[in-house]
Amino acid sequence: MSIEFTVFKGSANGKILEAKTTLPPPSGNEVLLKHTHSGVCGTDAHYSTIDMVLGHEGVGVVEAVGDEVKGFNKGDRVGFGWVKDGCGKCEYCLQGYQYHCTEGERGFGDKDLNQGSWASHSIWPATRLVKLPDKILSEHAGPFMCAGQTVFMPFYRNKVKPSSRVGIVGIGGLGHLAIQFSAAWGCETVVFSTSDNKKQEALDFGATEFYNTKTMKAGDVKKLDHLIVTSSIPPDWKLYVELLKPFAHIYPLTVSFGTLDFPFISLITKELTIQGSCSSSAKEVEEMLKFIVAHGIKPVIEKFPFSLEGITTALDRLEKGQVRYRGVVEM
């Protein structure tokens, strides 16, 4: 018997449309989820002009599993992100990095366009699900499935030291989580913004220093080991290059479809490393969730109802930069 569920999708003119998706019951390694919450991410806005189901920060409860599923049972509370699955055989899939599958693109916007987290249900491969710890509320879990893992991976993969000085550019959906991760990691957490409007919030999130880039001078800032860029537009790289130590690492997380205009000679002479971050393995997400529980990290959220009006409002507020700091759709 087929399963029909409600979805919200993009359209050519950018308007959100309510529709239905029909799929066969889960089989093999598939898991049927009933969604309870979904994050609202800037990437959803980027795909809102495409005829596809939106949402990729999903939280739900297992309703049924395929006959090959192990480790997940009916009633389990789980989360999923924007990677859909892989071939299961190539070198990247075998390491859990299905997004880099050599047989084709497997991310949000590339595959299974009739499914997403802005929906009442979905059918997902078990390999891309993670069980949620009891101490993380479902309404808080969604933002960690994309924004959270994006800013956590620079710390986890690059062996950032507790003694490191970490600069964070921007205090928004990604930035407010990056500040909390950095502070919990034990780092000197140096936050940069174009105004003082969010200074107190940055300090409350754990920043040890705050600088308004419109009034500061490079000489005011002790040099940085790492720089995480979470602002909505690319920064003035010439300014930040002056703030970096030799061998520093830069993580440009701003989603931009343009080119990276960076002071090339500084990259060479300071021996800097520029490192992207956009995907993670399920195991890495599990490690992130353990860290979140251990340190009591939470996103600041604004909730919206699971309706055409609610989702349209959420996306509108997101595009206007009015959400503080992550939108969450509640089913």
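Student: Is Arg317 buried or exposed?

Tutor: Neither extreme: Arg317 has 23% relative accessibility and counts as partly exposed. Buried means under 20% relative accessible area, exposed over 50%, and partly exposed in between (1.4 Å probe, protein chains only). The model is predicted: local features need pLDDT of at least 70, side-chain atom pairs count only at pLDDT 80 or more, and totals for chains, interfaces and linings use all residues. Residues are numbered from 1 along each chain as its sequence is written, and side-chain values use heavy atoms, leaving out hydrogens and water.

Student: Which residue meets Arg317 in a salt bridge?

Tutor: Side chains of opposite charge can pair when their charged atoms come close. A salt bridge is a side-chain nitrogen of Lys or Arg within 4 Å of a carboxyl oxygen of Asp or Glu. Here the partner of Arg317 is Glu302, at 2.7 Å, N to O. Glu302 lies in strand E14 and Arg317 in helix H8 (residues 308-319), so the bridge ties together parts 15 residues apart in sequence. Helices (H or I, at least four residues) and strands (E, at least two) are DSSP runs, numbered from the N terminus.

Student: How many salt bridges does the structure hold?

Tutor: There are 16. One of them joins Glu139 and Lys303, at 3.0 Å, N to O. That pair links distant parts of the chain: Glu139 is in helix H2 (residues 138-157), Lys303 in strand E14 (residues 301-305), 164 residues apart. Lys303 is partly exposed, at 41% relative accessible area.

Student: What does Glu284 pair with?

Tutor: Arg157, again at 3.0 Å, N to O. Glu284 sits in helix H7 (residues 282-295) and Arg157 in helix H2, 127 residues apart. Glu284 is buried at 5%, whereas Arg157 is partly exposed at 32%.
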